[in-house]
Amino acid sequence: MNGGGRLVAGRYLVGDLVGRGGMSDVYRGRDTRLGRVVAIKFLKSTLADDPEFRARFRREAQAAARMTHPTIVRIFDAGEDDTSDGPGGACSSFIVMEYVVGTALREMIHGNRLDVTAAVRIASGILTALEYSHRADIVHRDIKPGNVMITLAGQVKVMDFGIARAITETATALAQTTTILGTAGYFSPEQARGEVLDARTDLYSTGVVLFEMLTGRPLFTGTTAVDVARQHIRTPAPPARRWNPAVSPLLETVVHRALAKDRDERYQSAREFRLELQAAHRQGAAATRARLATLAATGTPDPAYPHAPDTPDLASAASDSPVAATSPAEEEPARATPPAHADGRPPEAPLPARPGPAAPSEPSATPRHRTHAAWLWVTACALALAVVVAFGYWFVEMRPSAGAAATARTVPRLAGLTYEHAAHRLSGMGLTPVRSDEASTAVDPGLVIGTRPHAGASLASGDTVRLLVSSGPPVTAVPDVETMHVDTAEETLTAAGFTPGAVDQQDSSEAPAGTVVRTIPEAGSTQAEGTVVDMVVSSGTVDLPDLVGMELSDATDRLQAPPLGLAPRARADPNCQASAPRVVSTQSLPPGEVPQHSVVTLGYCTGGATTPEGGE
């Protein structure tokens, strides 16, 4: 099935069907004005017949269009098309989006677990998109593998922002919500109960997606959507390590907290979730590499599950959200006790082994292995002795005196406070605050990013604490993208740290169609990283005026001069009365938009009496 070459809004040519959803169909299309490939989503006719829903759909599409971020599929246009022969039916609402060349996360998983590093990277990309959208006060409400695309370059792209919010704008029954969204497998408990949703709902759904990427299986399964929803409300999430031993205990702790039933016990922001996820993976991977190196050096076989490293950064998270990890011995089926007889007699004790020839000695009993074990024992004793000596030296030479302990001050956690508030707290503790501004895209200007020394450090009264205060995103100059094609200009702006914004068209006599004429803000101006840069591009046409009745010489000059830049050509017309001076009687192209550098033939009268200038 395809769009039949239908032209939507006089601009977008509809092509082949590329996807179906519960409420819309998506087609590959082409923007005939800018010459770029787009994706066009049509609302299904069963929903498009409701004027109120169409209005909400339009408002939400406009809200989503304001979000321009590399991890979010861009919205270029939206509206309604009144023709009745198209894919969406009569008066079909549509949204024109960025066409992403890549693979849906749903197809990447498809019953197979991903590499842990890849799963963490993709989840971090989703959380980056949510961090941006939540700051814009937009909750996605439908995070699932089908709404996440991975480009050929590995970039994460999240789709369908705002539309799910429009559907759940009013309370609806679970059955109705399930019919519309079809994503009960990724419901949060509060979503399944029909409660008011907030940003933490998206974080739970992201935790479900992360679990599925790590294990290759859904978090919960059931015969109906209602069964699955009940499990999200009542059933504790199983540990991901049951199906993937490569998941470190720290990473398990992060997944467990993201899937908390009580939203107050989850991560409270996408940024907090992302930073904890990346830290857990980084520290867990380092601990696993160290453990494997130790096992290889001692010749010890690798156990089924890695042990948790001692990492203070996430110790609090681990204590707040304990994860019961089953050891290999606990998962091993019990085989030591034989079963009882059917008549209730107790099982017989196992027969003693018959005496026989002595078994050959184990390799560890050979002289070579005994020597190796002895060396290991000597090395361990030497290391223990070194630790004892080092501790004794510290105790004698470096331990703080009683006077120092009495004046010790612990640096408090000040991140997120204003500089004035943080400085006041430090001064009240007898510490000296010093301000140091740093650029930050994650912390609002004027708020404290952190301290040096870090929170928890012990200082003496009067010591200096450097307060790192956000000065806002780093600033840089807008690159000069004039004369570039709009697609190349967007890539250049993104690479420079800016966000491509709206694209407007302007007539131009020189710039080829689709090339940038200017940017807003202008090239070379210093702007904050992430600033939206709008572009004005050449339409490839000029606006030809009505020249009939003008003097021929004036009309010729006007055609040649900017902003027209057209090619005039005079043609004598002997069928009408000549005049002096010569006046344009006809023009070959009608007034309106004409292609650049067009030839315009101007007719003038030469019939009747000969003019002083003569005819041509």
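Biologist: What makes β22 and β24 count as paired strands?

Modeller: Two strands pair if DSSP finds at least two bridges between them, and 3 bridges join β22 to β24 (residues 599–607), so the criterion is met. The two strands run antiparallel, and T586 has G603 in β24 as its bridge partner. The strands themselves are DSSP runs (E, at least two residues), as helices are (H or I, at least four), numbered from the N terminus.

Biologist: What is the standing of these values, and how are residues numbered?

Modeller: This is a predicted model, in which local features need pLDDT of at least 70 and side-chain atom pairs count only at pLDDT 80 or more, while totals for chains, interfaces and linings use all residues. Residues are numbered from 1 along each chain as its sequence is written, and side-chain values use heavy atoms, with hydrogens and water left out.

Biologist: Why are β21 and β22 called edge strands?

Modeller: The open sheet has 3 strands in the order β21-β24-β22, with mixed pairing; β21 (567–577) and β22 (584–587) each pair on one side only, and the twist averages 30° from one strand to the next. Helix α18 (residues 552–560) lies across β21, β22 and β24, at about 175° to β24, where axes are lines fitted to C-alpha atoms (for helices over the stretch in contact) and angles run from 0 to 180 degrees between N-to-C directions.

Biologist: Why is Q587 called buried?

Modeller: Buried means under 20% relative accessible area, exposed over 50% and partly exposed in between (1.4 Å probe, protein chains only); Q587, found in strand β22, has 16% relative accessibility and therefore counts as buried.

Biologist: What makes the approaches of Q587 to L547 and L589 polar contacts?

Modeller: A polar contact is a pair of N or O atoms within 3.5 Å; within protein, one must be able to donate a hydrogen and the other to accept it, and residues adjacent in sequence count only if both atoms are side-chain atoms. A polar atom of the Q587 side chain lies 2.7 Å from the backbone nitrogen of L547, and one lies 2.8 Å from the backbone oxygen of L589, so both distances fall within the cut-off.

Biologist: Which residues touch the most other members of the largest nonpolar core?

Modeller: I126, M213 and L277 do, among 45 residues; such a core is a set of buried Ala, Val, Leu, Ile, Met, Phe, Trp, Tyr and Cys residues joined through side-chain atoms within 4.5 Å. Helix α4 (116–135) gives the most to this core, with 9 residues.

Conventions: Contact means heavy atoms within 4.5 Å.
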